[in-house]
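Subject: Structure handover

Hello,

Here is the structure for you to look through. Please open it first, then read the notes underneath.

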Amino acid sequence: MPLIDPVTMSSSIAKGAVAQAQAASKGKDASLSTTLQPVQVRQTAVAQTVRHVFPALVAAVFFFQFGHLVADPVKAMQRSLPVVAALQIGYALLCLPVAGSPAPKLARKVRPGEKKKPSESSVGQNGYVTALLSLLLAVLIAPFFHVTMILFGAPFLTHGAQTFLCALHLAILAVFPLFYAHGVDSAAWAAVAGFQAPLDETFGGLVGALVGAWLGAVPIPLDWDREWQKWPVTILCGIYGGYLIGRGLGGSLFFGKKF
Amino acid sequence: MSQPPEPKTKAPSSPSPPADADNKAIIDYAAAMRAKKEKKEAGTAKARQAARRAKEKEDERISAFERQRESVEAARKARYDARWLWAAGFWVWMLSIHVVGIAYFTSGFLLTRLMLDEKSSCDAPPTLNSTGIDVLPSWRGKGHVDGGCWHPKTFERAVVVVIDALRYDFTVPVDDNAPFHNAFPFMHDTARMSPQNAFLRPFIADPPTSTLQRLKGLTTGTLPTFVDVGSSFAGASIEEDNLLMQLRDAGKRLVHLGDDTWESLFPGYFEANLSKAYDSFNVWDLHTVDNGVAEHIFPLLGKKTGWDVLIAHCLGVDHAGHRYGPDHPEMTKKLQQMDGFIRDVAATIGEKTVLIVMGDHGMDGKGDHGGESDEEIEAALWMYSKNPVFGRTKPEFVTPPATAKTRPVNQIDLVPTLALLLGIPIPYNNLGRPIEEAFVGAKGNAWDKLAAAERVTAAGIKRYQSSYFAARGIEETSAPGSPADLWTKAEALVAKEARNPDWATVFSAFAAYQQETLRRCKILWAQFDVKNMILGIAIMALGVVSLLVYVSKGEDDDVAVTEDPELDIAERALEMQGLGADAEVTAGHDLDKRLVSAALVGAFPVLVGGVAQSVVSGDGDWYRGAGLAALTSIAAVLVTLYESKDALFSLVPKTLWGWMAVVFTLSQSIGFASNSYTIWEDSILLFFITTFGFVSALSALKLPSLADRYLSIYHSILFVLLGRLASFSKLCREEQMPYCTSTYYASATSSTSAPWQLLIPFTAFLVLPSIVKAYLVPARSYEGMAPTWINYAFRSGLFMAALYWLFDAADNGNWVPSLPANTFKNISVYTAQIVLALALVAGTTAFVWAPPCVSILTATRKPGQAQVTVLGYGNAHGARYLLLPLNILAACFLLSKPMGGGALAIMMWQILALVEILDLNALAASPIGPVMLALLGSFHFFKTGHQAVLSSIQWDSAFVPLFTIRYPWSPLVVALNTFAGQIVATVALPLVVLWKVNPRRKGVLASVSRALGVFVAYFAVEALASMAWAGWLRRHLMLYRVFCPKFMTAAAVLLVVDLVGILVTLAGVRCNTAAISEVFGWAE
């Protein structure tokens, strides 16, 4: 008498196949994650300064705009958008390695007395083009964020300008540096979208901005009758606060860590 | 060995060794199916011969083995049945814990009062049947409004000015410079200078001190409770007997100016062309209402005709308090304005007019109110008349009391006072007493009149109490000191004193009766029993804890062994040799059994003890035993659970999904502490549902197989889009205004559907069965009974439900006037009954007897080798079980309005997408599945046109399948309508576990029970949280409007979920497992 039940046997084979596939994919995952390195901020003095100054500038812009934002969100967001975009472009050009550049050796300390290679500190033609393209791509991502916000319960037919500007801010703040650093590398983006990328300033900023935007919805329903509860002020606050915190933590405390 | 036809199909096929015992059942089944088919198709004799030959051959070879196998199967079935009974026992226990916890809390919290429908009438004073001796034998026009129904009337007309939040100390001289003091001296001065024209007294409000509740008290003369159980929940209007109703019935014309709360409480009472209502909620606006009142009141006062009673409600003082607090110059200005206003009104009124100025409540130090602090309940009352009619029983009473602590009157005292002054009957439910200044005469010695007024009022109270006790079925006690005793003494006094009356004594006797009655009623109706509330919360909380520990038990032990074929075969071999039969019972599957035993052991002695104690002591509170029994029972269960190790640590989630489940549940529960988050619960649920969808879409990127990845992303996005689509179905609650637009009905003021909405059920009829089919086809599960049931029975159910709503609309809109009346109503009711019969009666029968949704193909490859392919094997459990939620869905679809039907159809689609997501991400054992299902159920509670308020109950749904109210069917129908979302979710719950599960899976019952545990835990946590918050915030301004209805909804939902979980879900799983195991063998 054959011992094997045909039905269970075949089902076990199906399972086995899945398990094999899973095992294989784990291997693939591992290989994928080893290829994607956290984005290193350049080691130049300028970059290291800018890295800390620019977030402060972004925060300052947001802080001083806040009154206007509460009074007239659309106008305030329109006005601050170019400033924030310029700051982000400046940050990317000065601090981030441009997409496609050879990955810097992991945290290689510059030995005392050693001359820095000129190519590391200068921004080539490539950088400006990439920055512009990245900005364009980030703007193209904005409609996706807009739809996402609607799906989370943002007004569908009204407040279109507010929602879209909020989405634009989110894209330029959090997605633009990622485009600048990773280009359109599909493996990198798959890792980012699947939240498997290692944390760094760019990815940390994205995660922070998304979490902040999510938490930004919390105060909206409260019946405090405050002006700042209007759409999308709290979301924007969450985005900026989350972005700055995420960027700070991603670049320092949790650098290179993964979820 | 052939491979499955498609990657997603787990349907296996393989060459069949002829003598294999386990295959026997399948082959038998296949042969039977084949034989049936062949009979139909008049197949060839050859095939039949082949089948017979094969069967004979097998029979020979395995007959001995077969008998052994059958006995093993029978043993397994018996064990399954026993396990099922114990699991059901556990859930019955859980249900009783929830019932006891909720009942305990409710008994301390939800103080109920019956609203009686009786009305007082002019010609039947309550003293009619008493001793026959009247204090006042007769007066001109007695028994008629013109002379005074129950008492000689004093005034023809009345002007009642309510100054919202007029605290007593605002009106009396106080020796300080506070902005709110000494700004409003007019009333105090008049009372002191001309005591026969005016008096001023503190006016004590009964909490809650919110305007709406106060106006109820001020017009009905009764105490407010949470639930005034009456003929109708719907609408805010007062339906009890009240002053305004009596005035209207007596032919008096009423005019109202100011706060629009009056208009909602008394719709249609006021002369529309003279009245003017203003929005009461804009607390930032201090002047609009007051100026509007002033603008309209003086022209009216000048008129000799057109009105009899004028009510003016000023809001400025209250708004100034809310906005600035009392300690602010604006308050001074406001009070000065009121001072001048009252001066002018007093100067303008006529001779036979009484002017009453009062605060409906006070305000606390911050200017807010709603609670029961002294400052909030101490308002002021001032009465004024041009004629000298008011007196004092003692000369020192001329100066108004310096503080509200001396000589206060209750607010409800205004009701009999005003009624008797105007000559109308006192409202039936009144508990107040006449204010002595108004009846004792200008000289202060008309004790006969005062005693008569007191007596007729007391008689009214007595009459009300008797009918109340009769309606509640309670015996009145007549022990010394009880109201009944005091009443008897007072009446005896009337008889005794008739010759040489000392009316002051009589007055005191009746006053004592009234005060004692009021005191008892306050205890009965207006005080929380905090002890019971805490006990209820404790029972619920421990119930939740034991549920969580139960859920966290052995999350992995049954999943691990389920699908290891070799182990299974080895087990079977052992069992067949009669070795393992008993060993397995102890293997941890009998957790339910031990829990139920522990629960019974824990509960029984205390329950018996409680009952025995109550019998011995005779105080009848046997239910105390139930509460203690619940506690000891939970304790015993927890000890049992704790014994089986790794208790509490496994509760901490380890994955993102687990954390999401916890965050969704807890954040919502915490949010119920805020009225805003309670009000916007529907938006919050959408937010969570979308969050889950996005997280699952993103995490799908980690899936190894590209096809799985795309499928998972597709279902996730679908899940989110459907949720957002459903969110367009809205029925806004009042508090959501103006940020919400109702779409559930044709317009905000109707409860019928718009014509375009009738397309929704027809769309569902066309689309939904195909969608369900699309979810079954990939796993080859659209086999067996599925096509017939889904494509024909289910579809025609939906079609007839759509027809029902078409007929209903035709009936409402009278589309075909030529038809005789009721034609459409008759057709629609019978259509509805057919749908319900199809869905619930035929559907249940079919579900019980249906074979699995599989097809078995047998092909002979080589002589002596048959290849058996079982289509739908991989989803055998899920596909067959799906028929049950579909049946329930069809019933709920009919009973929800067209918009709600659409929401439920979307919900079904979302459920299918959800179980696909869970399967693709291997989350069947994660708590996120049941929690998401619970969120979906709650979400669609709102999307089927409900809110957590009593007024959103769709009572008219009771008439969908019935012409009249019939018990128990009407409440069942309303429950199916109200809780459709949660019921469908509960019934669909096993899909989380069973979807894409093949018959070899072990421990299905334990997994379902655990998933049900998570599911119920969600609702239990919600109920516990809303219960705890409602208890904690029991003096909150929004208690009646927000927290109390939320608690009631959550408690009702929990009990419904428990009941449906036992009666439908667990029973359904049992039927399903039995049907599948009959074919494929019992998998334990």
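The notes below cover chain B and then the cysteines.

This is a predicted model: local features need pLDDT of at least 70, side-chain atom pairs count only at pLDDT 80 or more, and totals for chains, interfaces and linings use all residues. Residues are numbered from 1 along each chain as its sequence is written, chains are lettered from A and ligands numbered from 1 in the order written, and side-chain values use heavy atoms, without hydrogens and water.

Chain B has 33 helices and 13 strands (DSSP runs: H or I of at least four residues for helices, E of at least two for strands). It holds 1084 residues, and 59% of them count as buried (under 20% relative accessible area, with a 1.4 Å probe and protein chains only).

Now the disulfides (pairs of cysteine sulfur atoms within 2.5 Å). The count is 2 over all chains. One links B:Cys122 and B:Cys149, with the sulfur atoms 1.9 Å apart. Both cysteines lie in the loop between β2 (112-114) and β3 (157-163) of chain B, 27 residues apart. Both are buried. The S-S torsion is about -100°, so this disulfide is left-handed.

B:Cys732 and B:Cys740 form another, also at 1.9 Å from S to S. This link is left-handed, with -75° about the S-S bond. B:Cys732 is buried at 13% relative accessible area, and B:Cys740 is buried at 8%.

What about A:Cys166? Its closest cysteine sulfur, in A:Cys237, is 9.9 Å away, too far for a bond. A:Cys166 is buried, at 0% relative accessibility.

Best wishes

Definitions and conventions:
Buried means under 20% relative accessible area, exposed over 50%, partly exposed in between (1.4 Å probe, protein chains only).
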